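Trainee: Could you take me through one part of this model close up? I'd like to look at the helix packing, and then at whatever sits around it.

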Amino acid sequence: MQSQNIDLIQSLFQSRLATLEHLLKSAQTHFCEDESFLQKRIAADMFPFGTQIAFTCNQPRNFALWCDGKPANNLDPDVTSLAQAYEHLANTNELLLSINVEDTKLAEMTRIDLGQNLYIELSGSAYVNEFLIPNFYFHMVTAYDILRMAGVPIGKRDYMMHLMPLVRTG
(Lines give C-alpha, C1' and ligand atoms only; values in the text may rest on other atoms or scores of the structure.)
Protein backbone atom coordinates (compact mmCIF):
# COMPACT_ATOMS: atom_id res chain seq x y z
CA MET A 1 0.00 0.00 0.00
CA GLN A 2 1.16 3.52 -0.78
CA SER A 3 2.66 5.42 2.12
CA GLN A 4 0.14 7.85 3.51
CA ASN A 5 0.44 11.27 4.95
CA ILE A 6 -2.08 13.73 6.32
CA ASP A 7 -2.08 15.86 3.13
CA LEU A 8 -2.87 12.84 0.92
CA ILE A 9 -5.73 11.74 3.16
CA GLN A 10 -7.06 15.29 3.27
CA SER A 11 -6.86 15.52 -0.54
CA LEU A 12 -8.62 12.17 -1.02
CA PHE A 13 -11.51 13.22 1.20
CA GLN A 14 -11.78 16.65 -0.46
CA SER A 15 -11.88 15.27 -4.00
CA ARG A 16 -14.46 12.61 -3.13
CA LEU A 17 -16.62 15.14 -1.30
CA ALA A 18 -16.58 17.15 -4.54
CA THR A 19 -17.91 14.02 -6.25
CA LEU A 20 -20.64 13.68 -3.63
CA GLU A 21 -21.60 17.31 -4.18
CA HIS A 22 -21.71 16.68 -7.94
CA LEU A 23 -24.03 13.70 -7.36
CA LEU A 24 -26.26 15.83 -5.13
CA LYS A 25 -26.44 18.58 -7.79
CA SER A 26 -27.26 15.96 -10.45
CA ALA A 27 -30.13 14.70 -8.32
CA GLN A 28 -31.32 18.24 -7.62
CA THR A 29 -31.44 18.93 -11.36
CA HIS A 30 -33.10 15.59 -12.16
CA PHE A 31 -35.82 16.03 -9.55
CA CYS A 32 -36.40 19.72 -10.44
CA GLU A 33 -35.71 20.99 -6.94
CA ASP A 34 -38.21 18.49 -5.37
CA GLU A 35 -36.37 17.63 -2.15
CA SER A 36 -38.29 14.41 -1.51
CA PHE A 37 -35.47 12.46 -3.20
CA LEU A 38 -33.51 12.95 0.02
CA GLN A 39 -35.83 10.33 1.57
CA LYS A 40 -35.29 7.69 -1.14
CA ARG A 41 -33.64 4.47 -0.04
CA ILE A 42 -32.61 1.14 -1.56
CA ALA A 43 -34.42 -1.03 0.98
CA ALA A 44 -36.80 -0.34 3.84
CA ASP A 45 -34.20 -1.22 6.47
CA MET A 46 -31.50 1.04 4.98
CA PHE A 47 -30.97 4.73 5.63
CA PRO A 48 -32.21 7.24 3.02
CA PHE A 49 -30.09 9.31 0.65
CA GLY A 50 -29.99 12.35 2.95
CA THR A 51 -28.65 10.25 5.81
CA GLN A 52 -26.03 8.77 3.48
CA ILE A 53 -24.80 12.34 2.84
CA ALA A 54 -24.36 12.89 6.60
CA PHE A 55 -22.72 9.50 7.14
CA THR A 56 -20.32 10.08 4.23
CA CYS A 57 -19.37 13.49 5.64
CA ASN A 58 -18.87 12.05 9.13
CA GLN A 59 -15.71 10.21 8.08
CA PRO A 60 -13.62 13.19 6.89
CA ARG A 61 -15.25 15.31 9.60
CA ASN A 62 -14.12 12.93 12.33
CA PHE A 63 -10.70 12.64 10.70
CA ALA A 64 -10.28 16.42 10.94
CA LEU A 65 -11.51 16.45 14.54
CA TRP A 66 -9.14 13.58 15.41
CA CYS A 67 -6.25 15.49 13.84
CA ASP A 68 -7.14 18.39 16.11
CA GLY A 69 -7.27 16.17 19.21
CA LYS A 70 -11.05 16.48 19.53
CA PRO A 71 -13.55 13.64 19.97
CA ALA A 72 -15.68 12.34 17.11
CA ASN A 73 -18.83 14.38 16.59
CA ASN A 74 -21.25 13.06 13.99
CA LEU A 75 -23.58 15.25 11.98
CA ASP A 76 -27.36 15.19 12.33
CA PRO A 77 -28.35 12.19 10.19
CA ASP A 78 -31.88 13.47 9.55
CA VAL A 79 -31.10 15.43 6.37
CA THR A 80 -34.43 16.63 4.99
CA SER A 81 -33.46 19.65 2.88
CA LEU A 82 -30.98 20.48 0.16
CA ALA A 83 -29.76 23.41 2.26
CA GLN A 84 -28.90 21.02 5.09
CA ALA A 85 -27.13 18.59 2.72
CA TYR A 86 -25.02 21.36 1.19
CA GLU A 87 -24.29 22.75 4.66
CA HIS A 88 -22.97 19.34 5.77
CA LEU A 89 -20.67 19.25 2.73
CA ALA A 90 -19.45 22.83 3.21
CA ASN A 91 -18.82 22.41 6.93
CA THR A 92 -16.95 19.16 6.34
CA ASN A 93 -14.75 20.79 3.70
CA GLU A 94 -14.10 23.70 6.05
CA LEU A 95 -12.97 21.30 8.78
CA LEU A 96 -10.69 19.49 6.32
CA LEU A 97 -9.08 22.77 5.32
CA SER A 98 -8.34 23.55 8.97
CA ILE A 99 -6.14 20.46 9.46
CA ASN A 100 -2.70 21.44 10.68
CA VAL A 101 -0.93 18.41 12.12
CA GLU A 102 2.28 16.50 11.45
CA ASP A 103 2.27 13.07 9.79
CA THR A 104 3.48 11.57 13.08
CA LYS A 105 -0.17 11.81 14.18
CA LEU A 106 -0.78 8.68 12.08
CA ALA A 107 1.38 6.64 14.49
CA GLU A 108 -0.73 7.60 17.53
CA MET A 109 -3.18 5.11 18.95
CA THR A 110 -6.86 6.01 18.95
CA ARG A 111 -9.92 4.48 20.54
CA ILE A 112 -13.17 4.13 18.63
CA ASP A 113 -16.24 3.64 20.77
CA LEU A 114 -18.72 1.36 19.02
CA GLY A 115 -21.54 1.67 21.54
CA GLN A 116 -22.92 -0.98 23.90
CA ASN A 117 -19.67 -0.77 25.90
CA LEU A 118 -17.61 -1.95 22.87
CA TYR A 119 -14.55 -0.25 21.42
CA ILE A 120 -11.49 -0.87 19.28
CA GLU A 121 -8.03 0.64 19.49
CA LEU A 122 -6.12 1.35 16.30
CA SER A 123 -3.09 3.28 15.20
CA GLY A 124 -3.89 6.47 13.33
CA SER A 125 -3.00 4.80 10.03
CA ALA A 126 -5.25 1.85 10.79
CA TYR A 127 -8.00 4.24 11.90
CA VAL A 128 -7.84 5.90 8.48
CA ASN A 129 -7.35 2.77 6.37
CA GLU A 130 -9.49 0.25 8.23
CA PHE A 131 -12.28 2.42 9.61
CA LEU A 132 -12.70 5.86 8.04
CA ILE A 133 -12.02 5.17 4.37
CA PRO A 134 -14.09 1.95 4.15
CA ASN A 135 -17.02 3.67 5.90
CA PHE A 136 -16.61 6.72 3.68
CA TYR A 137 -16.81 4.70 0.47
CA PHE A 138 -19.62 2.48 1.78
CA HIS A 139 -21.89 5.46 2.36
CA MET A 140 -20.81 7.29 -0.79
CA VAL A 141 -21.51 4.23 -2.96
CA THR A 142 -24.85 3.74 -1.22
CA ALA A 143 -25.75 7.36 -1.99
CA TYR A 144 -24.72 6.83 -5.63
CA ASP A 145 -26.74 3.60 -5.81
CA ILE A 146 -29.86 5.25 -4.40
CA LEU A 147 -29.67 7.95 -7.07
CA ARG A 148 -29.12 5.40 -9.86
CA MET A 149 -32.07 3.35 -8.62
CA ALA A 150 -34.19 6.53 -8.53
CA GLY A 151 -33.42 7.22 -12.20
CA VAL A 152 -30.85 10.00 -11.91
CA PRO A 153 -28.80 9.88 -15.14
CA ILE A 154 -25.38 9.33 -13.60
CA GLY A 155 -22.73 6.75 -14.36
CA LYS A 156 -19.23 5.69 -13.52
CA ARG A 157 -17.81 8.88 -15.00
CA ASP A 158 -19.76 10.84 -12.40
CA TYR A 159 -18.51 8.61 -9.59
CA MET A 160 -14.89 8.66 -10.80
CA MET A 161 -14.84 12.35 -11.70
CA HIS A 162 -11.65 12.86 -9.66
CA LEU A 163 -9.83 11.16 -12.56
CA MET A 164 -11.30 13.34 -15.31
CA PRO A 165 -8.47 15.93 -15.21
CA LEU A 166 -6.05 13.08 -16.02
CA VAL A 167 -7.93 11.76 -19.08
CA ARG A 168 -6.06 12.29 -22.34
CA THR A 169 -6.81 11.60 -26.00
CA GLY A 170 -4.51 9.96 -28.42
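Mentor: Here's a walk from the overall fold into the helix pairs, then out to a few single residues.

Keep in mind that this is a predicted model. The protein chain has five helices and two strands, and along the sequence they come in the order α-α-α-β-β-α-α. For the overall size, the radius of gyration is 17 Å, while the globule rule gives 15 Å for 170 residues; those two are close, so the chain is as compact as a globular protein of that length. If you line the C-alpha trace up on its principal axes, the spans are about 50 × 45 × 25 Å. Buried residues account for 42% of the 170 in the chain. Take the contacts with a sequence separation of 6 or more, and 65% of them join residues 24 or more positions apart.

Now zoom in on helix α4, residues 124-149, and put helix α1, residues 6-30, next to it. Their axes come within 10 Å and cross at roughly 15 degrees. Roughly parallel covers angles under 35 degrees, so α1 counts as roughly parallel to α4. The crossing of this pair is left-handed. On the α1 side, the contact is made by I9, L12, F13, R16, L17, T19, L20, L23 and A27. Facing them from α4 are V128, L132, I133, F136, Y137, M140, A143, Y144 and L147. Sort these residues by class and you get 16 nonpolar, one polar and one charged. The charged one is R16 and the polar one is T19, if you want to pick them out in your viewer.

Stay on α4 and find H139, which is part of this helix. Its relative accessibility is 11%; the cut-off for buried is under 20%, so H139 counts as buried. What does H139 touch, once you leave aside neighbours within four places in sequence? The answer is Q52, F55 and T56. Helix α2 runs over residues 49-67, so those three partners belong to α2. Select H139 together with Q52, F55 and T56 and you have this set of contacts on screen.

Another α4 residue to click on is M149. M149 has a relative accessible area of 48%, so it is classed as partly exposed. Not counting residues up to four places away in sequence, M149 touches R41 and I42. M149 and R41 are 108 residues apart in sequence, yet C-alpha to C-alpha the gap is 8.8 Å.

Next, look at how α2 packs against helix α3, which covers residues 82-97. The axes of α2 and α3 come within 9 Å and cross at roughly 20 degrees. That angle makes α2 roughly parallel to α3, and the crossing is again a left-handed one. From α2, the residues in the contact are I53, A54, C57, P60, R61, F63, A64 and L65. They meet A85, H88, L89, T92, L95 and L96 of α3. By class, that contact has 11 nonpolar, two polar and one charged residues. The charged residue is R61, and the polar pair is H88 and T92.

Between the helices, the loops have a few spots to check. Go to the loop between α1 and α2, where you'll find C32 and E33. C32 isn't a glycine, but its phi is positive, at about 50 degrees. E33 is also a residue other than glycine with a positive phi, near 70 degrees. As for accessibility, C32 has a relative accessible area of 64%, so it is exposed. E33 is exposed as well, with a value of 52%.

Last stop is the loop between α2 and α3, where K70 lies. With a relative accessible area of 46%, K70 is partly exposed. K70 and L114 are 44 residues apart in sequence, and their C-alpha atoms are 17 Å apart in space.

Key:
Residues are numbered from 1 along each chain as its sequence is written. This is a predicted model: local features need pLDDT of at least 70, side-chain atom pairs count only at pLDDT 80 or more; totals for chains, interfaces and linings use all residues. Side-chain values use heavy atoms; hydrogens and water are left out. Axes are lines fitted to C-alpha atoms, for helices over the stretch in contact, and angles run from 0 to 180 degrees between N-to-C directions. Helices (H or I, at least four residues) and strands (E, at least two) are DSSP runs, numbered from the N terminus. Angles under 35 degrees count as roughly parallel, over 145 as roughly antiparallel, 65 to 115 as roughly perpendicular and the rest as oblique. A crossing is left-handed if the near helix is turned anticlockwise from the far one by less than a right angle, and right-handed if clockwise. Contact means heavy atoms within 4.5 Å. The radius of gyration is taken over C-alpha atoms; the globule rule is 2.2 Å times the number of residues to the power 0.38. Buried means under 20% relative accessible area, exposed over 50%, partly exposed in between (1.4 Å probe, protein chains only).
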